[in-house]
Each structure stands twice: as C-alpha cells, then as structure tokens.
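Q: Hi! Could you walk me through this one? I'd like to start with how helix crossings get their handedness.
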Amino acid sequence: MSDALVQIRGLRKSFGTTHVLDGVDIDITKGEAVVVIGPSGSGKTTLLRCINLLETYDDGSIKVDGVEVGYDGPPGGRRRPRGESELAKIRADIGMVFQLFNLFPHLTALENVMLGLVKVRGLAKAEAKSRAEHWLNRVGLGDKLSSLPNQLSGGQQQRVGIARAVAMEPKILLLDEITSALDPELVGEVLSAVQQLARDGMTMIVVTHEMTFARDVGSRVVFMDAAKIVVDGAPRDVLSNPSHERLKTFLARIEMKHH
Amino acid sequence: MIDFALKTLPFLWEGLTVTLYVSAMVVALSLVAGVLMGIGFTYGPRWLRFLLRVYSDILRGTPLLVLIFSVYYLMPFAGVNLNPLPAAVIALSAFKTAHVGEIVRGALQSIAAGQTDAAKAIGLTFAQRLAYVILPQGLRRFLPPWVNSVTEAVKGSSLVSLVGIVDLMLASQQVIGRTYEPMPVYVLAAFMYFLINYSLSVASRRLEARYAYIRE
C-alpha cells in the first residue's frame with residue numbers, strides 16, 4: 001500500500017505512564033474521508049495532532065505523501081526529531097480545523113485566511129486576497145470578509161477556520177471535533193461546508209462525535225478504543241451492523257444522548 | 001514667585017533633560033532586553049528559564065539603590081571602571097529588564113494555546129508565529145502594566161542623584177542649597193515629574209484604546 005497518502009505504522013505515544021496511542025496502523029488513500037469515532041480518551045484527537053506534529057510521537061511512523069513527518073528517518077535506527085523549519089514546511093501541506101476554531105482574534109476573516117497564503121505560500125497580497133475571497137465565498141461568508149472573529153457566530157467562525165485551512169490547498173485536511181463547540185442549530189452549516197469539500201475530493205480525517213458526519217461525509221469509519229483502532233470499515237457496516245462489542249456499547253450510548 | 005521660578009528654571013531644566021535622558025535610555029534598553037527575556041521565559045529550554053528565573057528574582061528582590069551602588073562601587077574591583085552615568089543606566093536597566101521580562105511573560109502566557117496550534121497548522125515558523133500571531137495579541141495585555149513600569153522607571157531615575165549625576169532631583173537640591181527656598185523648588189520639581197508621568201498615562205490610554213479591538 002505504498003500509494004497511500006497517509007501511512008501510519010505502529011504509532012505509539014504515552015503521556016507519562018499512560019499510553020494514548022498503543023500501536024496504531026492505518027492507510028488513507030487520496031480522496032478518502034475517514035471518520036474517526038470513539039469514546040473520550042481513546043486517543044483519536046491525539047492521533048490527529050500527531051499527523052501534523054502538534055504532538056510528537058514516541059515510536060512508529062507517520063508518512064504523509066511519502067515523508068516521515070516527525071523524524072528524519074524511519075523507526076528502528078537513530079533518528080533526529082525534525083527542526084522548526086522542516087516542520088513548518090510539512091505542516092503547510094496539512095490543513096487543520098479546530099474544535100474551538102482558534103481564529104486569530106486580531107485579524108479579520110479575510111486576513112485570517114490570507115496570513116498563511118502570504119507568509120507561508122509567498123503569494124503576492126492581491127493574489128492571496130482573491131484566493132481568500134474565493135474560499136470565504138465558497139463557505140458562504142462572502143459578505144463577512146472584514147468582520148473580526150468576535151463579530152461572527154460560532155458557525156461562521158468555524159467556516160472561516162475551514163476556509164483558512166483549505167485555502168492553503170493542503171494534501172490532507174484534519175478536522176478535530178469541529179462541531180462540538182457549536183449550538184445544535186449551527187452544526188448544519190458547518191457540516192454542509194465539509195460535505196462540499198468531501199465531494200470535491202479533499203482527503204480528510206474527521207474526528208467527531210457527530211454520527212451524521214460519519215454517515216453523510218465518511219467514506220470509511222474507524223472506531224478507536226483504549227489507544228487502538230479496533231474497527232475499520234465502510235460507514236454502513238460499522239454504524240448499522242456493529243459486530244464489535246465495545247463499538248455496540250459506544251453507539252448505544254451516543255444514541256441515548258440524542259433521544 | 002514668578003521671578004523666582006524664572007531664575008531657577010534653567011537649572012531645573014538641565015536636570016530635567018538628564019532625568020529624561022536616563023529614563024529614556026533605561027526604558028529603551030529594558031524594553032528590548034525584557035521582550036527577549038519574556039520570550040525566553042515562555043518558550044526557552046528549561047535551563048534558560050531557570051537562569052532567567054534566578055536573574056529575575058535576585059534583581060527584583062534587591063533595592064534599586066543597592067543595585068546602583070553595586071554597579072558603581074563594586075565593578076571597579078572586577079576591573080571595570082564606569083562613569084556614574086553609564087553605571088546608573090546599566091543598574092536601572094538591569095532592574096527594569098527583570099520587571100519587563102515578567103510583564104512580557106505574563107502577556108505571552110495569557111494567550112490561549114490554541115493560537116499557537118492554529119499558527120503552526122498553517123505552517124508558520126516560530127519567528128512568524130511570534131511576529132504575526134502571538135506578539136500582536138500580547139501587546140494589548142502588555143501595554144497597561146508596562147506603562148506603569150515606565151512611570152516607575154522615571155521616578156526611580158531620581159536615585160541616580162546619589163552617585164552624583166545632576167538630574168532633576170540633584171539639580172533641585174543644588175538650587176535649594178543656593179536659595180534656601182525648599183518648598184517652591186520641590187513643588188516645581190514634583191510638578192515636572194508629574195507632567196512626565198501624566199503625559200505617559202495619557203499616551204498609554206490612547207494606545208490602549210487603539211488596541212482594544214479584541215473583546216473578551
């Protein structure tokens with residue numbers, strides 16, 4: 001499976017004596033939308049944050065487009081953690097959207113999206129502006145270009161967050177519980193922006209508690225429990241005919257919360 | 001009274017320029033060093049943070065006068081002979097740097113970790129994250145306590161008179177020595193100190209209003 005865009009092998013990480021990732025293997029092909037579900041503390045957010053090195057990993061390998069992200073070599077031998085400028089280059093090609101939006105509060109919506117285009121991609125101001133406008137239009141915020149984050153609703157802020165990530169034209173997009181801080185009536189607008197991206201063939205890994213995400217966006221669903229991936233399959237199989245005992249319990253608990 | 005003021009003002013004026021010069025030097029030096037120190041405090045490796053902590057605690061825990069005397073009277077034993085003015089400026093700046101460093105540290109640490117995450121995620125390097133994301137937000141939290149510390153620096157500069165520098169303080173005392181009129185001279189000098197610090201406060205309020213765009 002060397003054609004995988006993301007290839008993770010034997011990934012391990014611990015905080016002190018707690019194993020948060022205990023041997024994770026997964027391949028993600030270009031164009032796939034992989035939805036990761038699982039109970040809190042199962043390691044799904046950590047897995048996501050390891051892929052763009054917001055967290056370091058202790059052992060194993062993460063390759064994005066053939067490049068080992070955390071170290072200058074494969075596991076086994078002596079390897080050096082990547083330095084600041086190498087990391088910045090790798091991260092520029094991996095987009096991320098956050099649970100709490102994390103927009104830059106001192107910049108307008110347009111400037112939030114432009115910052116990476118100008119400073120990282122090296123685009124001229126005018127070009128960056130038109131690309132940022134294009135993406136903000138795409139997420140339905142063409143009339144909010146000069147709004148500061150605190151003048152926007154949660155759903156609007158999160159759509160700016162999405163535009164900021166995809167405007168960089170990343171190889172892959174990481175979505176970390178992007179609707180869990182939103183009021184229920186605002187989830188739909190963010191969900192449909194993501195659906196649109198998935199239809200356009202954006203490769204993405206979606207960590208979520210929102211089962212609608214798994215059903216409507218996912219081309220594959222992965223269930224994590226106790227620092228491992230325990231189920232990996234098509235959404236229909238995983239969600240409708242759960243065969244794994246812990247997955248059944250998890251889905252039952254989620255259903256209960258929604259009724 | 002007016003006649004008296006007109007006669008003494010030129011002397012006080014010269015003292016005032018020295019006070020302004022010393023204050024400006026100290027504020028500028030401690031600003032640069034303090035910002036670097038605050039960055040080291042927040043993002044530096046453990047050994048650096050430890051050294052900065054030791055420096056900060058010692059400097060902030062020592063009376064300013066003792067620091068000035070130490071630099072002026074003790075440095076010659078280390079083979080460094082300094083004139084009173086540079087010695088005083090170094091002592092005051094070293095002291096002020098510790099304070100500015102703490103203010104910068106507080107401002108930087110008050111910025112949510114998610115800001116750094118987001119800045120990293122779009123591929124900004126450490127220097128870019130500081131320049132475009134962290135420092136612009138920290139500025140707002142930095143300004144009020146910093147202006148406060150600048151006014152402290154202006155007042156603290158009066159201690160340089162004790163190593164013989166004719167600042168506003170010593171100039172006032174010299175005028176009093178000649179005229180035997182302490183009250184009006186001290187009132188004039190106090191008014192001058194007040195004017196400096198009051199204009200700083202006004203400038204600071206304007207700046208703060210300008211950077212008040214982030215509501216919390």
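A: Happy to! A crossing is left-handed if the near helix is turned anticlockwise from the far one by less than a right angle, and right-handed if clockwise. Keep in mind that this is a predicted model.

Q: Great, so what is the handedness of the crossing of α5(B) and α6(B)?
A: The crossing of these two, α5(B) and α6(B), is right-handed.

Q: Which residues of α5(B) and α6(B) make that contact?
A: On the α5(B) side they are Gln115(B), Thr116(B), Ala119(B) and Lys120(B), and on the α6(B) side Arg129(B), Val133(B), Ile134(B) and Gln137(B). By class, the residues of this contact split into 3 nonpolar, 3 polar and 2 charged.

Q: And at what angle do α5 and α6 of chain B pack?
A: Helix α5 (residues 113-121) and helix α6 (residues 126-156) of chain B pack at about 160°, and their axes are 10 Å apart. Angles over 145 degrees count as roughly antiparallel, and therefore α5(B) and α6(B) are roughly antiparallel to each other.

Q: Let's zoom out. How many helices and strands does chain B have?
A: Chain B has 8 helices and 0 strands. Its pattern along the sequence reads α-α-α-α-α-α-α-α.

Q: What does the C-alpha trace of chain B span?
A: Along its principal axes, the trace of chain B spans about 70 × 45 × 20 Å. Of the 216 residues in chain B, 34% are buried. As for contacts in chain B between residues at least 6 apart in sequence, 79% join residues at least 24 apart.

Q: Can you give me an example residue there? Say, is Ala91(B) buried or exposed?
A: Ala91(B) is buried, because 27 other C-beta atoms lie within 10 Å, and the cut-off for buried is 20 or more. You'll find Ala91(B) in helix α4 (residues 84-109) of chain B.

Q: What is Ala91(B) in contact with, leaving aside its neighbours within four places in sequence?
A: With those left aside, Ala91(B) is in contact with Leu67(B), Ile68(B) and Val71(B). Take Val66(B) too: Ala91(B) and Val66(B) are 25 residues apart in sequence, and their C-alpha atoms are 9.3 Å apart in space.

Q: Switching to the interface: how many residues of chain A are in contact with chain B?
A: There are 23 residues of chain A in contact with 19 residues of chain B. On the chain A side, the elements giving two or more residues are α2 (84-92) and α3 (109-119). Helix α2(A) gives the most, with 6 residues. The chain A side has 12 nonpolar, 6 polar and 5 charged residues.

Q: Why is α3(A) described as largely enclosed by the rest of the structure?
A: Because 8 of its 11 residues are buried. Those buried in α3(A) include Leu110(A), Val113(A), Met114(A) and Leu117(A).

Q: What covers the buried residues of α3(A)?
A: The cover includes α4 (125-138) and α5 (154-166) of chain A, together with α6 of chain B.

Q: Last topic, the sheet in chain A. What is the order of its 6 strands?
A: The order is β6-β7-β8-β3-β9-β10, in an open sheet of chain A with mixed pairing. Its edge strands are β6 (94-97) and β10 (228-233), each pairing on one side only. On average, neighbouring strands of this sheet are turned by 20° against each other, direction ignored.

Q: How many bridges join β9 to β10(A)?
A: Strand β9 (residues 220-225) of chain A is joined to β10(A) by 5 bridges, and the two run antiparallel. Met224(A) stands opposite Ile229(A) in β10(A).

Methods
Residues are numbered from 1 along each chain as its sequence is written. Chains are lettered from A and ligands numbered from 1 in the order in which they are written. This is a predicted model: local features need pLDDT of at least 70, side-chain atom pairs count only at pLDDT 80 or more; totals for chains, interfaces and linings use all residues. Helices (H or I, at least four residues) and strands (E, at least two) are DSSP runs, numbered from the N terminus. A residue is buried if 20 or more other C-beta atoms lie within 10 Å of its own, exposed if 12 or fewer, and partly exposed in between; C-beta atoms are placed from the backbone. Two residues are in contact if their C-beta atoms, placed from the backbone, lie within 7 Å. Axes are lines fitted to C-alpha atoms, for helices over the stretch in contact, and angles run from 0 to 180 degrees between N-to-C directions. Angles under 35 degrees count as roughly parallel, over 145 as roughly antiparallel, 65 to 115 as roughly perpendicular and the rest as oblique. Ala, Val, Leu, Ile, Met, Phe, Trp, Tyr, Cys and Pro count as nonpolar, Asp, Glu, Lys and Arg as charged, and the others, Gly among them, as polar. Two strands pair if DSSP finds at least two bridges between them.
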